[in-house]
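Work through the exercises below with the sequence and the model at hand. Try each task before reading its solution.

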Amino acid sequence: MNDAVRLQPEDFSLDKEVAALRVNSKRIGGIITFLGCARDFSEGREVHEIVFDVHYDMALAELLRLRNEAIARFDLIDARIIHRLGSVRAGENIVLIVAGAEHRVGAFDACRWMIDELKARAPIWKKEITLQGKSWVTPHL
């Protein structure tokens, strides 16, 4: 597996992921990150936990495609995509997108494009756990 794209139950380190991207090239002049975190409130309800369900092989393949498309489309030097699986508590990290390019504009555009495309294309579903019960969440595009 390409460790630049991962689906994993454990948390990740923003610092380690940025460092892993930087080690690949000294031409990188701009690094942009998107860090998605679990909120404790959604649609008028207190959320204690989010459970992510995934079609693992399909999701991993789609994230690899997204990364490769972003590198080509936005002239990136490198990119990383990490998404958590299973149970994530309110306040914890969910997803990290890191884009590195020679200049900031490509990295900014690529980062936003990757998270938007991930939400639209990857077979990853989330269920919120609240005091009122459990409910599947419609993707927020």
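Two exercises follow, one on the whole chain and one on a single residue.

The model is predicted: local features need pLDDT of at least 70, side-chain atom pairs count only at pLDDT 80 or more, and totals for chains, interfaces and linings use all residues. Residues are numbered from 1 along each chain as its sequence is written, and side-chain values use heavy atoms, with hydrogens and water left out.

**Exercise 1.** Describe the fold and overall dimensions of the protein.

Solution.
- Step 1: The protein has three helices and nine strands, where helices are DSSP runs of H or I with at least four residues and strands are runs of E with at least two, numbered from the N terminus.
- Step 2: In sequence order the pattern reads β-α-β-β-β-α-β-β-β-α-β-β.
- Step 3: Along the principal axes, the C-alpha atoms fill a box of roughly 50 × 25 × 25 Å.
- Step 4: Buried residues (under 20% relative accessible area, 1.4 Å probe, protein chains only) account for 48% of the 141 residues.

**Exercise 2.** Place His48 in the structure and classify its exposure.

Solution.
- Step 1: Strand S4, residues 45-54, contains His48.
- Step 2: His48 counts as partly exposed because its relative accessibility is 33%; the partly exposed class lies between buried, under 20%, and exposed, over 50%.
- Step 3: Apart from neighbours within four places in sequence, His48 is in contact with Arg89, Ala90, Ile129, Thr130 and Leu131, contact meaning heavy atoms within 4.5 Å.
- Step 4: Pro9 is 39 residues from His48 along the chain, and their C-alpha atoms are separated by 17 Å.
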